Amino acid sequence: MKKFLSLLSFLMLAIVAMAATEPTSYVAPALYTYGYKGEVDPPLKKFVEAQEIQLTDNGDGTYAVVIMGVKDVEGDPAGDIKFNAAATTNDDNSVTLAADLEHVVFGGYYSWHKGPVKFNGTLNGEDLSATYYLDIFGNPANVVFGKDVTNAISTVNTDNAAVKSIHTVGGARINSLQKGINIVRLTNGKTVKVIK
């Protein structure tokens, strides 16, 4: 009986530890300004109504950052951009994230491509705002992410609340946005449909 209780205690601790490392998803508008193989005059701008960024606190003064579903200048899926960012907790309990390093692309046409990334973000409660520079196989992009980003035609009104859960149209719970229609429940009580 003691062995069973010890094993049960160990399994419960393992489950709690795994849950603590789950990423938190932030979905907000993003405006990409691309240069194509160098400079473009005028630069090409693309508005993304629902860009997803996942953050995981590594517990060592850094956060794992995943910019989900990045597309290249021609709209083809480039993949997910993964890197670590240094984290500094401010007096107001907001967290400043900064990275200036090389990223790796996973999935999409450019899988395993390496390129520079410069990321500056602020995590304030359930609100993430960020600016970042990516180079996707020689195609540079400067990006602004957050609830106040507009498409220059109309303002997108979102509270930029954290994602509480993501579901398929059939109601099955999933871990991240999938291709097609996703039902996203936010921590502020709102439910939105996101097409990826």
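Visitor: Where should I look for a strand that is largely enclosed by the rest of the structure?

Guide: Try strand S9, residues 163–167: four of its five residues are buried, so S9 is largely enclosed by the rest of the structure. Buried means under 20% relative accessible area, exposed over 50%, and partly exposed in between (1.4 Å probe, protein chains only). Strands (E, at least two residues) and helices (H or I, at least four) are DSSP runs numbered from the N terminus. A word on the source: this is a predicted model, in which local features need pLDDT of at least 70, side-chain atom pairs count only at pLDDT 80 or more, and totals for chains, interfaces and linings use all residues. Residues are numbered from 1 along each chain as its sequence is written, and side-chain values use heavy atoms, leaving out hydrogens and water.

Visitor: Which strands pair with S9?

Guide: Two strands pair if DSSP finds at least two bridges between them. Here, S9 runs antiparallel to S11 (residues 181–186), joined by four bridges, and pairs with S10 (residues 173–174) over two bridges, also antiparallel. Ile166 has Val184 as its bridge partner in S11 and stands opposite Ile174 in S10.

Visitor: What links S9 and S10?

Guide: They form a hairpin with five residues between them, and Gly171 in the turn has a positive phi of about 100°.

Visitor: Which residue has a positive phi although it is not a glycine?

Guide: That is Asn93, at about 70°. Asn93 sits in the loop between S4 (77–89) and S5 (95–106), and is exposed, with a relative accessible area of 62%.

Visitor: And how many helices and strands does the protein chain have?

Guide: One helix and twelve strands, with 37% of the 196 residues buried.
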